[in-house]
Amino acid sequence: MRSTTVRRAALIGLLTMATCAPAAQADDDPAAAAAAPAAGGGGTPVATMTAPAAPAADTTTAAAPKVSETQTVKLTRAQTKSVQRRAKVKADGSLGSRTRKALKRYQAKKRLVPTGKPNLQTLKAMKLAFAVKIEQQLVAKQRSAQPVQSSVAGYVFPIQGPWQWGGVNTHFGDRGGEHEGIDLFAECGTPLVAASSGTVKERKFQSAAGNYLVITGTPSGEDQVYAHLKTPSPLSIGDAVTAGSPVGVVGDTGNADGCHLHFELWTTGGWYSGGHPRDARKDLISWGGVPSSTR
């Protein structure tokens, strides 16, 4: 009897130890946790390391620039007639005083801004089909007016509109080495901006360069030259600029064959003050220069 009682007590003790043993903790020993089977011998780990969830894909897209819906828009004669019919005035295709008064009454009645002139807000209220096309044109114009951002921090492409590389004798080193810049062709009047921050070093007219501007103190330490501007730059010597600051518009002043920007980069030391011109083509490409076509 005594031996049976002893064996029974020993067995109860072993069972008690087994059930009270702590489970392996993943935070303390991941390998032990993965190897430790759960009670019942199913082979499933007591605790496992859970891989972090993959981040959600970024589905955001660049928002289209906002346009003012109350700015006056230009209409064709046929479009003007459509507006006149909606405003209940004689449809003669001419935006005269009677039409403007009728438009103002219509806008007031619809609780629109009473400008008395055709605008996107009014065209939408009239449910005219060509309102969509006009809005697209306004967005495109707004987008073209925004600085083109480059892949190089602190720089933007200087021409804010369609452009193309020039042909023979328009690249750096052409004309027997006398061409110290590179020509980028665009329509006269296309906006030009500073490619980077800096300070206006020179602003003059010269028979060959026409209206030109020189910016110094750029991030690279080089001087930038913008030549053949249609009109003198609105900037003055000593003015500070940032990347994207307006500097003028494309022109053909001076000795220029067609509307274009003649752009130069001068190494440290600067423009005719110790530096020397170098080919800016690769820089212009890295600043976001993508030609609209080839010349």
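**Figure 1. Arginine 175 and its salt bridge with aspartate 183 in the predicted model.** Arginine 175 is partly exposed, its relative accessible area being 44%. Its partner in the salt bridge is aspartate 183, and the closest N and O atoms of the two residues are 3.9 Å apart. Aspartate 183, by contrast, has a relative accessibility of 2% and therefore counts as buried, the limit being under 20%. The count of salt bridges in the model comes to 6.

**Figure 2. The salt bridge between lysine 201 and aspartate 223.** Here the closest N and O atoms lie 2.9 Å apart. The pair links distant parts of the chain: lysine 201 belongs to strand 6 (residues 198-206) and aspartate 223 to strand 8 (residues 223-229), 22 residues apart. Lysine 201 is partly exposed, with 27% relative accessible area, whereas aspartate 223 is buried at 1%.

**Figure 3. Glutamate 222 and arginine 278 joined by a salt bridge.** The side chains of the two residues meet with an N to O distance of 2.6 Å. Glutamate 222 is found in the loop between strand 7 (210-216) and strand 8, and arginine 278 in strand 12 (residues 277-278), so the salt bridge ties together parts of the chain 56 residues apart in sequence. Glutamate 222 counts as buried, at 10% relative accessibility, while arginine 278 counts as partly exposed, at 24%.

**Figure 4. A salt-bridge network of Glu69, Lys124 and Glu135.** These three residues are joined into one network by salt bridges that share partners.

**Figure 5. The surroundings of threonine 122 in helix 5.** Helix 5 spans residues 120-125 and contains threonine 122. This threonine has a relative accessible area of 1% and is therefore buried, given the limit of under 20%. The side chain of threonine 122 makes a polar contact of 2.9 Å with the side chain of glutamine 107. When residues up to four places away in sequence are not counted, threonine 122 touches Leu103, Tyr106, Gln107, Leu112 and Lys117.

**Figure 6. Residues 17-62, a stretch with pLDDT below 50.** For the protein chain, the mean pLDDT is 81, and 73% of the residues reach 70 or more. Over residues 17-62, however, the pLDDT is below 50, and this stretch has 24 contacts in the model beyond near neighbours in sequence. Where pLDDT is low, predicted coordinates should not be read in detail.

Notes:
Residues numbered from 1 in each chain as written. Predicted model: local features only at pLDDT ≥ 70, side-chain atom pairs only at ≥ 80, totals over all residues. Heavy atoms only, no water. Helix = DSSP H or I, 4+ residues; strand = E, 2+ residues; numbered from the N terminus. Buried < 20%, exposed > 50% of the residue type's maximum accessible area, 1.4 Å probe, protein only. Polar contact = N/O pair within 3.5 Å; in protein donor to acceptor, adjacent residues only side chain to side chain. Contact = heavy atoms within 4.5 Å. pLDDT = per-residue confidence, 0-100. Salt bridge = Lys/Arg side-chain N within 4 Å of Asp/Glu carboxyl O.
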